[in-house]
Amino acid sequence: MAVTGMSTNDGAVGVAQLSHAFGGKDVLSDVSFRAEPGHVTALLGANGAGKTTLFKCIAGLVRPDAGRVFSPAMSLRSGQPPAQHIGFALDATALHPGRSVRETLRLATILAGVGRDRVGPMLDRVGLRREGRKRVGALSLGMRQRLALWVALIGDPRALVLDEPANGLDAYGTAWVHDTIRSAAESGAAVLISSHLLRDVEVVADHLVVIDRGRVVSDGAADDLLRLRGTHVAAADPDALTRALTARGMQHTWSAETATVQASPEAVGQAALEAGVPLLHLSQARTDLQELFMSMTTDRKDG
Ligand SMILES: Nc1ncnc2c1ncn2[C@@H]1O[C@H](COP(=O)(O)OP(=O)(O)OP(=O)(O)O)[C@@H](O)[C@H]1O
């Protein structure tokens, strides 16, 4: 099958029917999804699921065996430098270790065709003013991640593709990355990030694409996926609650005094009200999300 790249006038990033094999082993199989402008889309998958290979296909570093890539980087007829169309941060350790932070940002401004006067304010925004003269190789992984993100952002691109942007960051750094990503999306950019940890992306992503062994197993609004988490509920009379749930066909399991119900808190509350069962507790289940993710993806412990 022929491989074609396609420009997107609307600024979306994505792939269609993308497949790739390394040495005869399928790594990506018929993968399709879009990351829309103004949204943060997270590609979730266990180690080795194919996320980095997919991002490399989008960046043009790997030529897929079949399928198409959608990216504003392909609409270069305007003559604008690619960095004003799409910004990539695929591997923070790939920044040249011998250059200073300031040189790295200066080089990025030249390649992006933007003024060198952005370097000073950029150093402040990235929180690296004091490290400006330091060599990149002397920075912590977290600092390099911040720098890589800003190199990606320097041309104010219409799309951003970031591989594991919170990797190696502490809680403060992670919050900073999330704020930066969200404000890029709020300014209209299509943001595509990857992670192997659901908790890294659930606070920042609007859209979740889950891949397992190179195949898409779930693609939808984050809220819809989160709603599947179910509800924790407890009542002074657990038997009465069980009867109310069972009568309405609501699947549930009990752990100690609390039931986890495969329904929204609104539906469970309504069921209890109609059955006249006073509740002691009602909340959205949080832990089940990880279980849900695990249930969608294959157990990879045995490789
Ligand atoms: N250049 C390559 N040559 C051969 N196999 C490769 C190559 N690059 C990746 N692979 C294999 O492709 C599969 C997917 O790897 P990839 O790095 O895309 O996964 P990933 O989801 O990004 O994983 P991680 O979260 O560990 O970074 C793995 O089995 C990996 O060993």
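This passage describes the predicted model of a protein chain with a ligand, from its overall make-up to individual strands and residues.

The protein chain is built from 10 helices and 14 strands, and buried residues account for 41% of its 303 residues. Among the contacts that join residues at least 6 apart in sequence, 72% link residues that are at least 24 apart. The model has an ipTM of 0.95 and a pTM of 0.79. Across the protein chain the mean pLDDT is 85, with 87% of the residues at 70 or more. Among the elements of the protein chain, the highest mean pLDDT, 96, belongs to helix 8 (residues 238-247), whereas the lowest, 54, belongs to strand 1 (residues 3-6). Where pLDDT is low, the predicted coordinates should not be read in detail.

The ligand is surrounded by F22, G23, V27, G45, N47, G48, A49, G50, K51, T52, T53 and H196. By residue class, this shell consists of 3 nonpolar, 8 polar and 1 charged residues. The element that gives the most to the shell is helix 1 (residues 51-59), which supplies 3 residues.

Strand 9 (residues 207-212) has 5 of its 6 residues buried, and it is therefore largely enclosed by the rest of the structure. Two pairings of this strand can be described in turn. With strand 4 (residues 40-44), strand 9 pairs in the parallel sense over 4 bridges, and within this pairing A42 stands opposite L208 of strand 9. With strand 10 (residues 215-221), strand 9 runs antiparallel, the two being joined by 6 bridges. In that antiparallel pairing, H207 is placed opposite A221 of strand 10, and D212 is placed opposite R215 of strand 10. Strand 9 and strand 10 form a hairpin with 2 residues between the strands, in which R213 adopts a positive phi near 45 degrees. In a regular strand the side chains alternate between the two faces of the sheet.

Two further residues, each located in a strand, were examined individually. L192 belongs to strand 8 (residues 190-195), and it counts as buried because 31 C-beta neighbours lie inside 10 Å, where 20 or more are required. When residues up to four places away in sequence are left aside, L192 touches V13, A35, T41, L43, L160 and V161. Of these partners, T41 and L43 fall within strand 4, residues 40-44, whereas A35 falls within strand 3, residues 25-35. The separation between L192 and I110 is 82 residues in sequence and 24 Å in space, taken from C-alpha to C-alpha.

D30, in contrast, is a residue of strand 3 (residues 25-35) that counts as partly exposed, because its 15 C-beta neighbours inside 10 Å fall between the limit of 12 or fewer for an exposed residue and that of 20 or more for a buried one. Apart from residues up to four places away in sequence, D30 touches Q17 and S19. D30 and A138 are separated by 108 residues in sequence, and their C-alpha atoms lie 41 Å apart in space.

Terms used: Residues are numbered from 1 along each chain as its sequence is written. This is a predicted model: local features need pLDDT of at least 70, side-chain atom pairs count only at pLDDT 80 or more; totals for chains, interfaces and linings use all residues. Two strands pair if DSSP finds at least two bridges between them. Two residues are in contact if their C-beta atoms, placed from the backbone, lie within 7 Å. pLDDT is the predictor's confidence in each residue, from 0 to 100. A residue is near a molecule or strand if its C-beta atom, placed from the backbone, lies within 6 Å of it. Ala, Val, Leu, Ile, Met, Phe, Trp, Tyr, Cys and Pro count as nonpolar, Asp, Glu, Lys and Arg as charged, and the others, Gly among them, as polar.
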